[in-house]
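Hi everyone, thanks for coming. I'd like to walk you through a structure that's new to most of you, so get comfortable and have a look at it with me.

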Amino acid sequence: MDESSEGIKNNDRAMKTVILYEALKNTPIFGSYRRFCELVGHDVMEYKDFEFWYYRFYHGQTDFDYDRSADPVPKTIMDMPVSLMYKITENLDTVERTNLRTVNKSLKDVADSRPLVFDRVQITVFANCLNWNLNEKRFSCWKKENGCTLQTPTKKVESDKSFIEKGLEYLTSLFKLPKIHVHHLTLSLHGAIPELDNVPFHATSVKLYAHGVAGCSVFAKHVQLKEHLNEEDLLRFSHLKSFKCNLTFLEEVDFQRIRGIISTFEVLESCELKYRDVFDAFPIRTIAQALEEEIPFGPLKTINHRYPIPESNDYLDFTIEQEWYYCTIKIVKTR
């Protein structure tokens, strides 16, 4: 045990002596292997070989010159019938199959053979932490003085990276997985998060709570945005079948421009816009006038408006409703 690490590394009997010493002490094998690697190096002996000699010595068989070439080749998980591997995969939840694919290429192929379907994914970013839920399993990455701590359902990892960088390592790789499908994605972004630029989020429906949408690429069929947008922001959602959002009240809104933009959305089925004007107690009249719709006398709660989409047989049917101090504008594409 007093020999130098280099001397032990290059001497087969010395290495086995170290293993024998650990086995005779009845030291748990995982701790023994860790100390062995710290002493002679992490690339000197694989765990399976250490395990063989450890248990051989533990059971009193101390022949250092035992010839292993005659032993049968030990079975591994990859010797399991493929049909059984697929059966096991079917009984893993989505997060467990995500972890399984990191073991090796063969298991990755098995895990990827079935779609990865998440019912709900929730991602929340604060100034000092990033949290996400994959179905019912919770993950978090929070800021520390010199890096961050990543907490998963099964382990805690310390890192010298920023909490955003470490968290996005996981999330970016997750959303790039083949055959991944998310039914409902919720993004809550408290403050500008420039690191989210060009991170793709794929889902059937999305709810976005944010101070700005320029930093994330949302690929979905249906989106609900708790944000105040202007007409140019709407251009980012031309690929959606439906969306809901709040229009800005901090600057004048061009409703004819909004109508023209939405009329170009080829896959759109419906959308809903909410608008309020702190200087206008009855914004429904302002909207109707902007759309050149006739305004009746007296109390006004609902106005309907139909817009023929240029060079098309389709229409945009508007239903504009006054609700207290704001208006709801529901738009449906019809033929």
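One word before the tour: when I call a residue buried, I mean that its relative accessible area is under 20%. Also keep in mind that what you see is a predicted model.

With that cut-off in hand, take Phe-237 and Phe-243: both are buried. I'll come back to their rings in a minute.

Okay, the overview. There are 10 helices and 13 strands in this chain. Of its 335 residues, 42% are buried. The chain exposes about 19600 Å², and 51% of that comes from carbon and sulfur atoms. If you take the contacts with a separation of 6 or more, 40% of them join residues 24 or more positions apart.

Now for the rings. How many aromatic pairs does the structure hold? The count is 18. Let me show you one: Phe-50 and Tyr-54 have ring centres 6.1 Å apart and planes at 25°, so this pair is stacked. Phe-50 and Tyr-54 are both buried, too. They sit four residues apart in helix 4, residues 47-58, so about one helical turn separates them. That fits a general rule: an α-helix has 3.6 residues a turn, so residues three or four places apart point the same way.

And here are Phe-237 and Phe-243 again, as promised. Their ring centres are 6.1 Å apart and their planes are at 35°, so we call this pair tilted.

Back to Phe-50 and Tyr-54 for a second, since they belong to an aromatic cluster. Its other members are Phe-30, Tyr-33, Phe-36, Tyr-47, Tyr-55 and Tyr-58.

Some rings have a charged neighbour instead. Look at Tyr-66: Arg-56 lies over its face, 3.8 Å from the ring centre. Then there's Phe-52, where the charged end of Arg-68 sits over the ring at 3.9 Å from the centre.

Next stop, the cysteines. How many disulfides does a search of the whole structure find? Zero. Take Cys-141: the closest cysteine sulfur is in Cys-148, and at 3.6 Å it is too far for a bond, because a disulfide needs the two sulfur atoms within 2.5 Å. Cys-141 has 0% relative accessibility, so it counts as buried. Cys-271 isn't in a disulfide either; its nearest cysteine sulfur belongs to Cys-245, 7.5 Å away. At 5% relative accessibility, Cys-271 is buried as well.

Cys-141 also turns up in the surroundings of Asn-131. You'll find Asn-131 in strand 2, residues 129-134. Is Asn-131 buried or exposed? Its relative accessibility is 12%, so it counts as buried. Setting aside neighbours within four places in sequence, Asn-131 touches Gln-122, Ile-123, Thr-124 and Phe-126, along with Arg-138, Phe-139, Ser-140 and Cys-141.

Last stop: helix 9, residues 255-262. Its buried residues are Phe-255, Ile-258, Arg-259, Ile-261 and Ile-262. Those residues cover an arc of only 165° around the axis, so they're on the same side of helix 9. And what do the buried residues of helix 9 pack against? Quite a list: strand 9 (242-247), strand 10 (270-276), helix 10 (283-290), strand 11 (302-308), strand 12 (315-323) and strand 13 (326-334). Cys-271, from the cysteine stop, falls in strand 10.

That's my tour, so over to you.

How values were computed:
Residues are numbered from 1 along each chain as its sequence is written. This is a predicted model: local features need pLDDT of at least 70, side-chain atom pairs count only at pLDDT 80 or more; totals for chains, interfaces and linings use all residues. Side-chain values use heavy atoms; hydrogens and water are left out. Rings of Phe, Tyr and Trp (its six-membered ring) pair if their centres lie within 6.5 Å; planes under 30 degrees apart count as stacked, over 60 as edge-to-face and the rest as tilted. Helices (H or I, at least four residues) and strands (E, at least two) are DSSP runs, numbered from the N terminus. Buried means under 20% relative accessible area, exposed over 50%, partly exposed in between (1.4 Å probe, protein chains only). A charge sits over a ring if NZ of Lys or CZ of Arg is within 6 Å of the ring centre and within 35 degrees of the ring normal. Contact means heavy atoms within 4.5 Å. Accessible areas come from the Shrake-Rupley method with a 1.4 Å probe; for residues, only the protein chains shown count as cover. The arc is that of the directions from the helix axis to the C-beta atoms.
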